[in-house]
Amino acid sequence: MARVRMTGKERREQLLDVSRSLFAEKGFEATSIEEIAHRASVSKPVVYEHFGGKEGIYAVVVDREMRRLMDQIADALDGGDHPRELLERAACALLGYIDSSTDGFRILVRDSPVASSGGTFSSLLNDIASQVEHILGVHFARRGYDRKLAALYAQALVGMVALTGQWWLEVRKPKKDEVAAHLVNLAWNGLSAMEHKPRLRSRS
């Protein structure tokens, strides 16, 4: 039976799917063009024709994952206006991405050896923190806190959720919503009882 010939677009998508799995499993350095071609049942020149090399295909994979995660976070922050609800939505969105796009998250959290149009995972977290900073800034102003510190607290909150997400990726316990609830509990109750001018007691 003759094999059905793929269109150029179908072949490109197949190569991206194969490469995404390999990069998640082995990392960029340990993945070769030969292995990508073998798993896709094509010759190496076909991979070069579509992407120019391993760096090209890796950059596309990373860009796609960054857009997917950022879109989910943006959608989460678009609904509701209470800061706690927004914090819950953001935590659930990140953990939901990790749960549904495990391979993609594994690729993102590795140090990217290739410059991509979306930047790096740390730059993506900075983008998310910028959105959180705006929300916190409004909240701080209402409660009499220094609005200029919203950037610091936004980085702390986003970093906490991201690092917990990396840990949860491996252990998968407790359940996703429970992890999100604990994160929000720590973050929100900490924010609720914030001092206006905190001091280090060990330095007193």
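**Internal cavities and annotated segments**

The residues lining the second largest cavity divide into six nonpolar, one polar and two charged. This cavity belongs to a predicted model, and its volume is about 50 Å³. Its lining consists of Phe140, Tyr145, Asp146, Leu149, Tyr153, Met194, Glu195, His196 and Pro198. With Asp and Glu counted as charged, the two charged positions are Asp146 and Glu195. His196 is the polar member of the lining, because His falls outside both the nonpolar and the charged lists.

A search of the whole structure returned two cavities of 30 Å³ or more. The largest cavity has a volume of about 240 Å³. Its lining comprises 19 residues, and Leu86, Leu87, Ala90, Val132 and Val158 are those that lie nearest the centre. By class, this lining holds 19 nonpolar residues, with no polar and no charged residues.

Several helices contribute to the wall of the largest cavity. At least two lining residues each are supplied by helix 4 (54-78), helix 5 (83-100), helix 7 (121-143), helix 8 (150-171) and helix 9 (176-192). Helix 5 provides the largest share, six residues.

The packing of two of these contributors was also examined. Helix 5 and helix 8 pack with their axes 10 Å apart and at an angle of about 30°. Angles under 35 degrees count as roughly parallel, so helix 5 is roughly parallel to helix 8. The crossing of helix 5 past helix 8 is right-handed.

Two segments carry annotations in the UniProt record, which is an unreviewed entry. The record lists residues 149-169 as "transmembrane region". In the model, this span is 95% helix and 0% strand, and its end C-alpha atoms are 31 Å apart. Leu149, at the start of the listed range, is one of the residues lining the second largest cavity. Val158, also within residues 149-169, is among the residues nearest the centre of the largest cavity.

The other annotation, "DNA-binding region", is listed by UniProt, again in an unreviewed entry, for residues 32-51. This span is 80% helix and 0% strand, and 14 Å separates its end C-alpha atoms.

Methods:
Residues numbered from 1 in each chain as written. Predicted model: local features only at pLDDT ≥ 70, side-chain atom pairs only at ≥ 80, totals over all residues. Heavy atoms only, no water. UniProt positions renumbered as here; feature names shortened; annotations may be inferred. Helix = DSSP H or I, 4+ residues; strand = E, 2+ residues; numbered from the N terminus. 1 Å grid on protein atoms, 1.4 Å probe; cavity = no way out; pocket = protein on both sides within 12 Å on 5 of 7 lines; lining within 4 Å. Points joined across faces, edges and corners; volume = space filled by probe spheres on them. Axes fitted to C-alpha atoms, helices over the stretch in contact; angles between N-to-C directions. Parallel < 35°, antiparallel > 145°, perpendicular 65-115°, else oblique. Left-handed = near helix turned anticlockwise from the far one by under 90°.
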